[in-house]
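Student: I have a new structure to look at and would like to learn how to read it. Could you walk me through it?

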Amino acid sequence: RYGADTLRFMLITGNTPGNDLRFQEERLEAARNFANKIWNASRFVLINLVDYQQGGAEIRLTLADKWILERYRSTALDVTRFLEKYELGEAARTLYDFIWNEFCDWYIELAKLRLYKEGGAEKHTAQYVLTHVLGGIMELLHPFMPFITEEIWQHLPHRNALTVMRTPWPDGEKMDSFPEEAEEMSLLMEVIRSVRNIRAE
């Protein structure tokens with residue numbers, strides 16, 4: 001009813017090592033919602049890559065671009081560290097938080113204005129960052145959800161590997177780092193959340 005990826009993700013995130021897992025269908029539904037979130041975000045990115053050419057225009061990173069690249073780097077480091085310690089649930093939860101709360105809910109929304117512009121460096125930069133981070137997400141998520149990640153990865157502009165299984169594991173140590181921009185962006189996000197809360201109240 002829910003699919004293999006959904007079941008795998010629920011089993012990995014639904015328990016701590018050494019304990020028996022109590023089966024709850026609500027957990028499966030939550031994992032299915034996560035899979036749907038990934039599908040929808042990926043579909044949005046792919047729709048907006050129609051005119052994208054790798055290496056076609058200049059890359060001009062904004063504050064939001066540098067923030068998501070730093071968060072991607074940090075997530076890759078954390079997931080790798082958890083996997084090396086066999087803490088599969090923590091690795092999966094780290095990916096869940098990054099994908100849902102930061103990439104989908106924040107960065108995609110921030111990138112939309114630039115994606116709707118006609119050509120230019122701004123649009124090309126947004127396309128570049130979206131494909132780079134989404135491709136990395138598929139590589140990090142692949143051990144947990146192999147089917148959905150392979151399907152999405154096959155449609156992304158990527159290196160010459162035939163399958164996501166043959167791509168190098170994302171190495172956060174070798175990625176560009178933007179800690180100051182990430183801190184500045186976090187402050188801006190907190191301001192936005194506070195304004196939203198005030199309006200709601």
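Tutor: Happily, and let's begin with a term: the radius of gyration is taken over C-alpha atoms, and the globule rule to hold it against is 2.2 Å times the number of residues to the power 0.38. For the 201 residues here, a compact globule would have a radius of gyration near 17 Å, and the protein chain has 18 Å, which agrees. The C-alpha trace spans about 55 × 50 × 35 Å along its principal axes.

Student: What should I know about the model before going on?

Tutor: This is a predicted model, in which local features need pLDDT of at least 70 and side-chain atom pairs count only at pLDDT 80 or more, while totals for chains, interfaces and linings use all residues. Residues are numbered from 1 along each chain as its sequence is written, and side-chain values use heavy atoms, with hydrogens and water left out.

Student: How many helices and strands does the protein chain have?

Tutor: Helices (H or I, at least four residues) and strands (E, at least two) are DSSP runs, numbered from the N terminus. The protein chain has 7 helices and 0 strands, so read from the N terminus the order is α-α-α-α-α-α-α.

Student: How do I read burial, and what percentage of the residues is buried?

Tutor: Buried means under 20% relative accessible area, exposed over 50%, and partly exposed in between, using a 1.4 Å probe and protein chains only. In this protein chain, 43% of the 201 residues are buried. Helix α6 (residues 146-154) gives a case: its buried residues are P146, I148, T149, E150, I152 and W153. The cover over them includes α1 (4-13), α2 (25-47) and α5 (120-141).

Student: And how are contacts read along the chain?

Tutor: Contact means heavy atoms within 4.5 Å. Among contacts between residues at least 6 apart in sequence, 72% join residues at least 24 apart.

Student: Which residues does L140 touch?

Tutor: L140 is found in helix α5 and counts as buried at 0% relative accessibility. Not counting residues up to four places away in sequence, L140 touches Y72, A76, V79, L95, W169 and P170. R60, by comparison, is 80 residues from L140 in sequence and 26 Å from it in space, C-alpha to C-alpha.

Student: What about M189: buried or exposed?

Tutor: M189 is buried, with a relative accessible area of 4%, and its place is in helix α7 (residues 179-200). Leaving out residues up to four places away in sequence, M189 touches W67 and W106. The C-alpha atoms of M189 and E109 are separated by 12 Å, with these positions 80 residues apart along the chain.

Student: Where is A111, and what is it in contact with?

Tutor: A111 is found in helix α4 and is buried, at 0% relative accessibility. Leaving aside neighbours within four places in sequence, A111 is in contact with A126 and L130. Its C-alpha atom is 8.5 Å from that of K123, which is 12 residues away along the chain.

Student: How do I recognise aromatic pairs, and how many are there?

Tutor: Rings of Phe, Tyr and Trp (its six-membered ring) pair if their centres lie within 6.5 Å; planes under 30 degrees apart count as stacked, over 60 as edge-to-face and the rest as tilted. A search of the whole structure finds 5 aromatic pairs. One of them joins F9 and Y96, stacked at 6.5 Å centre to centre with 25 degrees between the planes. F9 lies in helix α1 and Y96 in helix α4 (residues 88-115), so the pair ties together parts that are 87 residues apart in sequence. F9 is buried at 3% relative accessibility, whereas Y96 is partly exposed at 27%.

Student: Which other ring does Y96 stack with?

Tutor: The rings of Y96 and W100 have centres 5.7 Å apart and planes at 25 degrees, so this pair is stacked. An α-helix has 3.6 residues a turn, so residues three or four places apart point the same way. Y96 and W100 fit that idea: both lie in helix α4, 4 residues apart, about one turn of the helix. F9, F34, Y96 and W100 form one aromatic cluster.

Student: What is special about the phi of Y86?

Tutor: Most residues other than glycine have a negative phi. Y86 has a positive value, near 60 degrees. Y86 sits in the loop between α3 (63-84) and α4 and is exposed, with a relative accessible area of 69%.
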